[in-house]
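Here is a short briefing on helix packing, strand pairing and one buried site. Keep the sequence and the 3D view open while reading.

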Amino acid sequence: MIRLPMILFFSAFLFSAGVYGVLVRRNAVMILMAIELMLNAVNVNLVGFSASLRAMSGQVFALFIIAVAAAEVGIGLAIVILLFRNRESINIDEASQLKW
Amino acid sequence: MTGQEYAFIVLAAVGSLSAIATVTARNVVHAALYLVVTLSSVGAVYLLLGAEFVAWVQILIYVGAIVILFLFGLMLTKAPIGRDSLDNQHPWVGGVVGFGVFAGLAWLIQDAFPFADSVASPGFRGSTQAVGQAIFHSYVLPFEAVSFLLLAALIGAVVLARKDDEP
Amino acid sequence: MVGAETVTVAVGAASGLLKYTWIIALLPVISAALTLFFGKRTPGKGAVYGIAALAASWVLSILVLWHFVQGGGAQASQVDWFNVGPFHLQLGQYIDGLCAVMLVVVTSVSLCVHVYSLGYMHGDKRFTWFYFVLSMFTAAMLDVVIAPNLFQLLIGWEVMGICSYLLIGHWWEEKENSNASIKAFITTRIGDVPFMFGIFALIAATGFKTSNITDISGMIQAHQISGGVAAVAAILLFGGTIGKSAQFPLHVWLPDAMAGPTPVSALIHAATMVAAGVYLVGRMYTVFIGADAWVLQTVSIIGAITMLGAALLALVQNDIKRVLAYSTLSQLAYMVAVMGAGPAGRNAAFFHLFTHAFFKALLFLGAGSVIHAVHSNNMSDMGGLRKFMPVTFITFVIGSLALAGVFPLAGFWSKDELLVSAYDGHQWLFVIMVVTAVLTAFYTMRMVWLTFFGTYDGHGHPHESPRSMTSPLVFLGAATVGVGFLGSPLIHAPFFKWVYFGQPEAVHFVPWIALLGTVAALGGIGVAYLMYKEKREKDPLEGRLGPLWGVFQHRYYIDAFYMRAIIYPIRDTCSAGVYWFNQTVLDGFVNGMAALARGVSTMVYWFDRNVIDGAVNALGMGAEESGGLLKYLQSGNVQWYAVVLFVGVIALTIIFVRA
């Protein structure tokens, strides 16, 4: 079958791409997409280990993470829409009032 | 190298490239479509790994629902198109950090699971039945917690995004 | 998680009810939750929950006190909360006579304030929220009272701090009010830092085993903790008292805290929260006694400075609530100072705390009633109100006479006990206390005269307050007359059979000190009467005090000094530093080079200024440079925070994998 390090490298790459997206994108929706990439990377890891260790729990947790991700996107987009309604822009570098 | 590994490499390459495209695309809708490709190839990887239920859930929820939500979000917020307005002023910082994260993880993986030592394990098939038994046997409580979380998220999203009638 | 096992240590004959004293503290929490979640939908906007819970707590407190009236012993019970290594943290209660008395004080005053607020806060747009915070605050104070260990005490202590912040700034739309709340919060925080370190010091002294107050006291009495360590811990703990009870030099927040609604002033800034500081010293008294002698002397000196300083400031105030605020400072300082005079002083201080809570709450609520009627805090807008507000007038006069220390009201008996203890302890303190007593009587009389006598100067038609406001006044007025006798030697002072340190000791009555106290009170009242009996344009004190008047009006310039010497430099350098960072890091490498050049030139400039303008400027510019470094933390750009986060993760990964 597939050797574990290959899966882990794929997962690491997806995660890093997500990190890059979170750090670079200004558009809040794009940041949410990048977060989804990171969550997917975690899922790949979990499923990969599940296959490697021949244990079911990895897949169960992957399912839970998918459910949590759905909740996160729902709330995240609600916040983004609220942000847009209040500021006419969803560029998060403009929403920098989180300081003294 | 087995046939499955070749298939995996192809899928991983497609997924990785479209992941890069997702975070660099100049057009927000294109980015969402690249995300579909990444998510689908991740789903296919799940199939290869014998996790068929997770794979179909991945396609149904991620590709079917979440990406649609993203597209709605983009539509409702009139996202602008063009690289300058999509990225912030210091993309190189993100690049350095992103590469640093990848390098760190790669080093970690190589440290913990040396590629040379790894052997291709025999096939494993996590059937839907087994997943169901695990969820409703060992993980009933977390499952209920997740369903409650989804309910809370639903209500929260409605409360947040609703237009207030009174000022 | 909470362990299921309950450890009950009953000392003496603990009645069945005593085990459940914690319910008294729990009831306000429940009412707070009900108010928060269902308050707006309840008829009456949710006030009913707080009032019902406090009434129940009050009844239970009386029952608990009854146990001690009958001569019952102390009771402790607790459940495990969590363990960290050898350190066991527990939740529970420790109830002795002192706690029982405090429970009665807190629930009585809080109940009165809850009822009173029905009228005072009527129609307020955050009425429900007000009641929520009020209940939460009461619960926190009750937690402090029953806490068996320092951690539980700290929890209540901090919740009180935040509730106080919320209540002082209740009308935050006005900048002045929100400033006052921030000032109160930060100032008390400054005291809380040494307080926390004091707790850590005591826990460390026990070998990281326990934070239980009884255990720590036992170890100190057994000399397992040296006097030097106890001294450090005691002085650090006293820092908390200085902040919470508003003693010099952290007294500045209390007068400003009068920006809050008047019921809040009555509850927090007269009867309970500020009393928590005094209570802390009394509760940890073994630490203070076991410490080197200089600690108690410091306590007395701080108390003496605050006592006299605050009484002098109260002379010149025009705002009726500020007069009361300064008198609160002064009376709290009485307690603190006498605490430093030995165990008898501790008990006398608690007796004064007990009586003071009633009459000061009465005075604040009375002042609130007056303010409600004339819509102004200034005594120059009042006068002649006795005709319009008879109930307020009579109760206010009772409270004032009690504050002045006139026989046979509560203040007389407790002040007498304080004077006796001070005379036995430090005689210099005794002299200061007598002088302060004269001043107290003087400003009290001045306040009463300017408010209720003479002719009415304000606008509009003052009227008596609604029943919900006058009935607490009557209740507290009756209490003010009555509670003093509990510590009176005439009936063998039952109070001191409940509240004692070590063993109960007989209270001795010294006739000449009682006479001196009465003369001081009547003297102060008489002088004030002569000075204010005729109405004048200008305050007659202004001429007599000369330049001191200005000094008092500016509160000895202490507030101004804090602003100029501490707050402005920090604020300005931080904002300068923040700006500097924004300009350098975010604008990229080119601007970074420019900023470097600027930094160099700043340093040249700094050197220049240092040589020319000397050390004062050097300090400021040095702070600016360090502020520039702090700026890294606060750009407001969330993505920058994420960058720092991930860099930190990478660094940690490398460190941990290497190790």
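Angles under 35 degrees count as roughly parallel, over 145 as roughly antiparallel, 65 to 115 as roughly perpendicular and the rest as oblique. This is a predicted model: local features need pLDDT of at least 70, side-chain atom pairs count only at pLDDT 80 or more, and totals for chains, interfaces and linings use all residues. Residues are numbered from 1 along each chain as its sequence is written, while chains are lettered from A and ligands numbered from 1 in the order in which they are written.

**Helix pair, chains A and B**

- Helix α3 of chain A spans residues 57-87, and helix α3 of chain B spans residues 52-76. Helices are DSSP runs of H or I with at least four residues; strands are E runs of at least two; both are numbered from the N terminus.
- Their axes come within 10 Å and cross at roughly 5 degrees. Axes are lines fitted to C-alpha atoms, for helices over the stretch in contact, and angles run from 0 to 180 degrees between N-to-C directions.
- α3(A) and α3(B) are therefore roughly parallel to each other.
- By class, their contact has 17 nonpolar, three polar and no charged residues. Nonpolar means Ala, Val, Leu, Ile, Met, Phe, Trp, Tyr, Cys and Pro; charged means Asp, Glu, Lys and Arg; the others, Gly among them, are polar.
- Residues of α3(A) in this contact include L63(A), I66(A) and V73(A); those of α3(B) include I61(B), Y62(B) and L69(B). Contact means C-beta atoms, placed from the backbone, within 7 Å.

**Chain C against chain B**

- Nine residues from chain C and nine residues from chain B make the contact.
- Helix α27 (residues 638-658) of chain C gives the largest share of the chain C side, eight residues.
- That side of chain C has six nonpolar, three polar and no charged residues.

**Hairpin in chain C**

- Strands β2 (residues 75-84) and β3 (residues 87-95) of chain C run antiparallel, joined by nine bridges. Strands pair if DSSP finds at least two bridges between them.
- S77(C) has Q93(C) as its bridge partner in β3(C), and A76(C) has Y94(C).
- Two residues separate β2(C) and β3(C) in the hairpin, and G85(C) in the turn has a positive phi of about 55 degrees.

**Site around H269(C)**

- H269(C) lies in helix α10 (residues 262-271) of chain C.
- H269(C) is buried, with 29 other C-beta atoms within 10 Å. The cut-offs within 10 Å are 20 or more for buried, 12 or fewer for exposed, and partly exposed in between.
- Not counting residues up to four places away in sequence, H269(C) touches L254(C), A257(C), V274(C), A325(C) and T328(C).

Notes
Two residues are in contact if their C-beta atoms, placed from the backbone, lie within 7 Å.
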